[in-house]
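Subject: Structure for you to look at

Hello,

Here is the structure I promised to pass on. Please open it and keep it on screen while you read my notes below.

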Amino acid sequence: MTTTDARPATRTLERLDPATGRPGRAVVCADADQVAAAVRTARSAFAGWRATSPAERAGLLREAATAVRAEADELGDLLCSTTGRLRGEARESAVVAADLLDEAAVAGLGRAGRVLAGAPAAMDVVRREPRGIVAVVTPWNDPYPAAAGLIAAALVTGNTVVHKPSERSDAPGVRLAGLVAQALPAGVLEVVSGDAATGEALVAHDDVALVAHVGSSAAGRRIAAAVGQRGARALLENGGKDPLVVDAGVDPARAAEQIATGAFANAGQLCTAVERVYVVEEVADAVVAELARRAEELVVGDPADPATTTGPLVDADQLAVVAAHVSGAVEAGAQVVTGGHRLDRPGSFYAPTVLDRCPDDVSLLREETFGPVAPVVRVADFDEALRRASASAYGLAATVLTPLLDHALHAADVLEVGTVKVNAVFGGAPGGSADPRRASGGGAGFGPDLLEEMTVRKAVHLEGL
């Protein structure tokens, strides 16, 4: 594996430690020539990797999984210090990355195509073949699973990969890719470091057949436009503005626990974080009171301290977005129940926040906030909750809390999102596949269908002379 760290610097980004505000790890950005060199290396390795048997490719991925699992503590510490993710959660995300490498090694076997019912004297098959070079562009907030899942799916199906981690989590991304690359032949997995300009050079390269991107909707739109101009393929899992609906009859304590888990995990910096809460009026007072109590019990502090339950936002830019969204909602009439302010301490900390009676036409309910904020909208009944939950430019996921089976089934049917979760804000079995909707992207981002996204079909008709 070649990284841009060893090449001459053209631009350097200075990063700050989100927990202290002190200087952190600088990012050396690859320029267009360096990106092109990484793509050439991956291109040179493609023929040999494609010719490697699926079983051997799977075996190498299992070796990579073992290496990642062995370094989970180091990877966790690195992610914690770079992005402010709680150390325990950061370590667990590295373990999940290893699990995804193992999962792809198993799922990648035996998915080579199908035989058709043709003429008796002929053979007709539809083969699945690797696309070529896959650019994997991943986010900072949960970089290990996002990168491992996409890289593993691309590699096990015979593609080579050029990976660009987010500049906000560059060091963790480079380290994870390095551990995987050690198990592979040279050039099969390349890494380039940098910001949007580096990413633009990568996704625009003519030799990149597929761009697999997890990140913001704005970046996804730019990628789709660049890739579409040259007839390549984009696989996008982008931003979300995920709603959570609380039906009448739900225990307020249970509802508050689920909302708090979804809104405050990783300080709200997850693509599937709860960013809108629709509560039926009948239970709203009790739910809001219990939710505020839970928010106030959170321990905000050093993400490396085991006693901490909520860490900082990733940087000052993200802090500014959260503060602007909350202040705009309050100015429009939302009521601050608890929080609603930056914490007076070094680093990029924002108080866990609960807002009640939020109006619809504010950025807090329309744009991705990515912060520890639970905005509550009161509704008359379950049907109104579903209508307002569905009224969004995004369509990643939604959660419904209800004691009624018919309500659950109706919600699963009418919510236009990739994933509907009933009575559990997080969870789900391995191997599921979902297609985000609208501004949240398109194409399967995980599960067995992801392997098909990494391949192209070829029909072959064979007759004897």
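Of the 465 residues in the chain, 54% count as buried. Keep in mind that this is a predicted model.

**The whole chain**

The chain has 15 helices and 20 strands. Its radius of gyration is 23 Å, close to the 23 Å that the globule rule gives for 465 residues, so the chain is as compact as a globular protein of that length. Along the principal axes, the C-alpha atoms fill a box of roughly 80 × 55 × 40 Å.

Now the contacts. Take those between residues at least 6 apart in sequence: 73% of them join residues at least 24 apart.

The surface comes next. About 18,600 Å² of the chain is exposed. Carbon and sulfur atoms supply 53% of that area.

The chain carries 43 positive and 60 negative charges. The mean positions of the two sets are 5 Å apart.

**The six-stranded sheet**

Strands of a sheet pair through backbone hydrogen bonds, either parallel or antiparallel. Here is a sheet to trace on screen. It is open, has six strands and shows mixed pairing. The order is β7-β6-β5-β8-β9-β19. Which strands sit at the edges? They are β7 (189-191) and β19 (441-442), and each pairs on one side only.

Look next at β8 and β9. Strand β8 covers residues 208-214, and strand β9 covers residues 233-237. In which sense do they pair, and over how many bridges? The pairing is parallel, over five bridges. You can check two positions yourself. Leu210 has Arg233 of β9 as its bridge partner. Val214 stands opposite Glu237, also in β9.

Is β9 enclosed or open to the outside? Four of its five residues are buried, so β9 is largely enclosed by the rest of the structure. To count as buried, a residue must have under 20% relative accessible area.

One general point helps when you look at side chains. In a regular strand they alternate between the two faces of the sheet.

**One helix residue**

Finally, find helix α10, residues 281-297. Arg293 lies in this helix. Is Arg293 buried, partly exposed or exposed? Its relative accessible area is 36%, so Arg293 is partly exposed. Then find Arg342, 49 residues away from Arg293 along the chain. The C-alpha atoms of these two residues are separated by 19 Å.

Best wishes

Definitions and conventions: Residues are numbered from 1 along each chain as its sequence is written. This is a predicted model: local features need pLDDT of at least 70, side-chain atom pairs count only at pLDDT 80 or more; totals for chains, interfaces and linings use all residues. Side-chain values use heavy atoms; hydrogens and water are left out. Helices (H or I, at least four residues) and strands (E, at least two) are DSSP runs, numbered from the N terminus. The radius of gyration is taken over C-alpha atoms; the globule rule is 2.2 Å times the number of residues to the power 0.38. Buried means under 20% relative accessible area, exposed over 50%, partly exposed in between (1.4 Å probe, protein chains only). Contact means heavy atoms within 4.5 Å. Accessible areas come from the Shrake-Rupley method with a 1.4 Å probe; for residues, only the protein chains shown count as cover. Lys and Arg count as positive and Asp and Glu as negative; His and the chain ends are not counted. The place of a charge is taken as NZ of Lys, CZ of Arg, CG of Asp or CD of Glu. Two strands pair if DSSP finds at least two bridges between them.
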